[in-house]
Amino acid sequence: TGSGCIAIGLEKFLEEKDITAHIDAVDISTKALKVAKKNAKLNKSSVNFIKSDLFENVKEKYDIIVSNPPYINKEDMLSLDIEVKKYDPTLALYGGESGLDFYERIINNCKNHLTNDGIILFEIGINQENDVLKMLENKGFKTEIIKDYSGVNRIVIGYLN
């Protein structure tokens, strides 16, 4: 969950649509969770925060899982802007040598945490769409890609069923 902005923003968006949802947000970092809880309090949010390495401490099943995992590969980590290196923890950025480690771990375990018609959404890095689509499709998901405002493939969606 990092700073909590995605979970809190999602909750606020749903509230505007008069949709009630229970939102759990997960992070392995105690420091990140502290920041996220502070942001939730500032935004009068009821998001529930869980300290966990991905699904390790998660017991629930969800209709939707949203993930913005670390996805920067080894080569790109070396050329990051100094501002990114200065303010963003490596733990939140580095996705392993290929940048795909977390997608693989999440996709391999997400069915245990999705309802029968569940949906999983991932933010992806540039040129990662084919690898993430393939991982999802190999696990039986139907898939879709959404472009960001710059026309870059940015979100991969996997639909169970």
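Which residue forms a salt bridge with Asp53? In this predicted model, the partner is Arg105, and the closest N and O atoms of the two residues are 2.9 Å apart. Look for Arg105 in helix 6 and for Asp53 in the loop between strand 2 and strand 3; the pair therefore ties together parts that are 52 residues apart in sequence. Both ends can be seen from outside to some degree: Arg105 is partly exposed, with a relative accessible area of 35%, and Asp53 is also partly exposed, at 27%.

A search of the whole structure finds 3 salt bridges, so let us visit the others. One joins the side chains of Glu15 and Lys12, with 3.7 Å from N to O. These two residues sit 3 apart in helix 1 (residues 5–16), which means that about one helical turn separates them. Glu15 is partly exposed at 42% relative accessible area, and Lys12 is partly exposed at 25%. Another salt bridge links Asp148 with Arg154, where the closest N and O atoms are 3.3 Å apart. Here the two partners fall into separate classes: Asp148, at 24% relative accessibility, counts as partly exposed, whereas Arg154, at 17%, counts as buried because the cut-off for buried is under 20%.

Now turn to the strands. Strand 1 (residues 24–27) runs parallel to strand 2 (residues 48–51), and the two pair over 4 bridges. To find your place, start at Asp27, which stands opposite Lys51 in strand 2. Between these strands the chain passes through helix 2 (residues 30–42), making a β-α-β crossover that is right-handed.

Finally, step inside. The largest nonpolar core has 20 residues, and among those with the most contacts inside it are Tyr103, Cys110, Phe122 and Leu136. Several elements contribute: strand 3 (62–67), helix 6 (101–109), strand 4 (114–123) and helix 7 (129–138) each supply at least two residues of this core. Helix 7 gives the largest share, 4 residues. You have met helix 6 already, as the home of Arg105.

Cys110 is a good residue to zoom in on. Which residues does Cys110 touch, leaving aside its neighbours within four places in sequence? Its contacts are Phe55, Ile65, Ile120 and Phe141. Apart from this core there is a second, separate one of 10 residues, which includes Ala7, Ile23, Val47 and Phe49. Of these, Phe49 falls within strand 2 (residues 48–51), the strand that pairs with strand 1.

How values were computed
Residues numbered from 1 in each chain as written. Predicted model: local features only at pLDDT ≥ 70, side-chain atom pairs only at ≥ 80, totals over all residues. Heavy atoms only, no water. Core = buried A, V, L, I, M, F, W, Y, C linked by side-chain atoms within 4.5 Å. Buried < 20%, exposed > 50% of the residue type's maximum accessible area, 1.4 Å probe, protein only. Contact = heavy atoms within 4.5 Å. Pairing = 2+ DSSP bridges. Right-handed = clockwise from strand over helix to strand, strands pointing away. Salt bridge = Lys/Arg side-chain N within 4 Å of Asp/Glu carboxyl O.
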